[in-house]
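Welcome! Here is a short briefing to help you find your way around a structure you have not met before.

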Amino acid sequence: MQPLSVDVVEGASAIDPDSWDRLVGDGDSSPFVEWRFLRSLEEAGTVRAETGWIPRFPVVKRGVRVVAAAPAYVKLHSQGEFVFDFSWADLCHRLGVEYYPKLLVGVPFTPVTGPRLLVHPDEDGPTLRRALGELLVELCGAMELSSVHVNFTTEAEVESLESVGFHQRFGIQYHWFRRGESSFEDYLGRFNSKRRNQLKRERRELEKQGIRIETLSGKALRGQGETAYRLYKSTIDKLYWGRQYLTRKAFDVWCEDLSDRLRLVVARNDADQIVAGAVNFEKGKRLYGRYWGCFEELRHLHFNVCYYHGVDECLQRGLEVFEPGAGGEHKLVRGFEPTVMRSAHYLREPRVHGLIGDYLRREREALLREREAMLG
């Protein structure tokens, strides 16, 4: 067997697409770690040194074949990650430790679980995942970074990372899972009478307002980049804490090059004008909600565009899981279940590593108690 070699390259643009996607695989593996998506962020200018995202992908080869890799970025801040560590940066500051720059392994601006330590299917997964974890620790020291953070990673990857000294962190998102239903009426059967009638009223509200909702995909996405961008921007502009991470070009590239993955939901009024919409992605048996926006505020519009329409799409087309995005306990009463998200963290300074490890142990215990209470 040929020996392994390691290189660190400057992003997806420096990697052969087929070699990378062989590590990702098909099926339900996340569309956001595919070469096309990672490359789109670079092409659109959202990921570059000027935005505080410096691509540094570790790539492991056996001879000339790529056998393992990870989407990694040197970060100059903690924006766009969705696993919040601002208090850790404050702790480091009080201890006289520089927190930035740090190393993040994950997908920029995308709080979706998926593989982060990518391994060729013909290789020994656990062995190479552990090797990648050790490599990340080595890179942290060699580049004089404060820490390594592997966000929204899988349970198997966390186990490998814990074996080389990382701490595990939990978070909660609310996901919809098919439970044998084949229609929206079946789905409503999950709820008691009061809640079922509430959901029906919320769906009927749009009919009263003359709003119809449809999903654009494939060739229908051509020329829709501006619409998708305007919807995204409308939400950013309304929020005091909103931050614009994506450029117009990102949406143009997605509509052109990722039309088999992108699902653009649009809500139109009687005059055929788009009043709201959502940018979703799909792969395998999963639907992912990413961005929402509206140009007109209408009662229950958000629930219908972002949740009920997605659930209905899953039921009609045989999808099994709908991940509508981060946050939102209001999803719980609409049939979405509290689901554990995982990340793994290594802090190079031993004092900080120990303190954060103790904190994360208590945080995990509290979060699991909270989840059990939600499940009732």
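**Two helices that cross**

Helix α4 passes α5 in a right-handed crossing. Please keep in mind that this is a predicted model. The points below look at this pair of helices, then turn to the largest pocket.

*How α4 and α5 meet*

- Helix α4 covers residues 125-142 and helix α5 covers residues 155-162, and their axes come within 8 Å.
- The two axes cross at roughly 55°, which makes α4 oblique to α5.
- On the α4 side, the residues that take part in the contact are P126, R129, R130 and G133.
- Their partners in α5 are A156, E157, S160 and L161.
- Sorted by character, the residues of this contact are 3 nonpolar, 2 polar and 3 charged.

*The largest pocket*

- The volume of the largest pocket is about 1400 Å³.
- A total of 46 residues line the largest pocket.
- If you would like to look at its centre, the lining residues nearest to that point are F82, P111, G325, A326 and G327.
- The lining of the largest pocket is made up of 24 nonpolar, 15 polar and 7 charged residues.

*Where the lining comes from*

- Strands β9 (167-177), β12 (274-283), β13 (286-294) and β15 (337-347) are among the elements that each supply at least two residues of the lining.
- Helices α8 (225-238), α10 (301-317) and α11 (350-375) also each give at least two residues to the lining.
- Strand β9 provides the largest share of the lining, with 5 residues.

Note on methods. Residues numbered from 1 in each chain as written. Predicted model: local features only at pLDDT ≥ 70, side-chain atom pairs only at ≥ 80, totals over all residues. Heavy atoms only, no water. Axes fitted to C-alpha atoms, helices over the stretch in contact; angles between N-to-C directions. Helix = DSSP H or I, 4+ residues; strand = E, 2+ residues; numbered from the N terminus. Parallel < 35°, antiparallel > 145°, perpendicular 65-115°, else oblique. Left-handed = near helix turned anticlockwise from the far one by under 90°. Contact = heavy atoms within 4.5 Å. Nonpolar A, V, L, I, M, F, W, Y, C, P; charged D, E, K, R; others polar. 1 Å grid on protein atoms, 1.4 Å probe; cavity = no way out; pocket = protein on both sides within 12 Å on 5 of 7 lines; lining within 4 Å. Points joined across faces, edges and corners; volume = space filled by probe spheres on them.
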